[in-house]
Amino acid sequence: MFFSEKQNKGTELRIKAKKILFRKKSKFQKIEIFESYDWGKVLMLDSLFMLTERDEFFYHESLVHPILSSIKNPENVLIIGGGDCGTLREVLKHPVKKVIQVEIDELVFKASLKYFPWVKKIYKDKRVSFIFEDAKDFIKNAEDKFDVVILDTSDPVGPAKVFYKKEFYEDLKKILKKNGGLAIQAESPIHHLKRIKKLYEILKDEYKSILPYLSPMPTYPGGLWLYLFVFNKKIKMLKPVRIPKNTRYYNKEIHFSGFKIPEFLKRIFGI
Ligand code: SAM
């Protein structure tokens, strides 16, 4: 049996399943986890591939380490979305004091705890608190200020539509520390240029620096993924002060190579 994701009108990615492990509809989305032949266990939300055990580290390491490695004493981190806890696993490789993860769908977390081994290892970490609510509500009432806010969100459908609204980024500014920054998963430069342009137009009105970063991501649309590191102060480049040891993709060379951007993207970002 194959599971497939429609990546565009005429493009699909199919992954052959050995065994279906979990299949439920929460009040927010359809959640499926299956064992595959080539990619380990796979998480799908509303028929979109969110994570495979074989290649998730490209994405989670690229979303977290370029920004966190560049902050000397990162105390408070907020993760928005991230129900599969791959992002949380990478954040905890840094000397953070407190991590709050705001995931709208507790069932994504519960299913990930059951089927993805890294979750069991980290979810009892004393530095972590889980909040299960819509992030757009959480940030309106948040008391804490954060060094880094990480948007590990799904594609802009269903509950994730909020992440493409100007108001969301205005509210985010209020909970960022003076030198704090955002790490945003900003979709595929191959298939989602319209979304990227829309997000960039929103961000450039609200923030002073937007640093684009790229990494391979085999099972996401186009196999190439974009991240945006965003600050309310003028920054030209993120320089690492710490490189976490136990990574599988990220290292000092990758840190700098990820910021090398091709011409078609430079034109979008006015670089
Ligand atoms: N890494 C995946 C990707 O880039 O496609 C997405 C990671 S994670 C699975 C996305 C999470 O965002 C999902 O668990 C989803 O439930 C959560 N999410 C979507 N909208 C949300 C919202 N408004 N507030 C909080 N979490 C949300």
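Reader: Where does the ligand sit?

Author: The ligand sits in the largest cavity. On a 1 Å grid over the protein atoms alone, a cavity is a set of points where a 1.4 Å probe fits but cannot get out. A molecule sits there if more than half of its atoms lie within 2 Å of the grid points. This is a predicted model: local features need pLDDT of at least 70, side-chain atom pairs count only at pLDDT 80 or more, and totals for chains, interfaces and linings use all residues. Residues are numbered from 1 along each chain as its sequence is written, and side-chain values use heavy atoms, with hydrogens and water left out.

Reader: Which residues come nearest to the ligand?

Author: A residue is near a molecule if one of its heavy atoms lies within 4 Å of it. Here 25 residues surround the ligand, and Q29, E103, D134, A135 and Y220 come nearest.

Reader: Which side chains pair with an oxygen atom of the ligand?

Author: A polar contact is a pair of N or O atoms within 3.5 Å. For Q29, a polar side-chain atom is 2.9 Å from a ligand oxygen. For Y59, a side-chain N or O atom lies 3.2 Å from a ligand oxygen. D152 has a side-chain N or O atom 3.2 Å from a ligand nitrogen.

Reader: How many helices and strands does the protein have?

Author: Helices (H or I, at least four residues) and strands (E, at least two) are DSSP runs, numbered from the N terminus. The protein has nine helices and twelve strands. Its C-alpha trace spans about 50 × 45 × 35 Å along the principal axes.

How values were computed. Polar contact = N/O pair within 3.5 Å; in protein donor to acceptor, adjacent residues only side chain to side chain. 1 Å grid on protein atoms, 1.4 Å probe; cavity = no way out; pocket = protein on both sides within 12 Å on 5 of 7 lines; lining within 4 Å.
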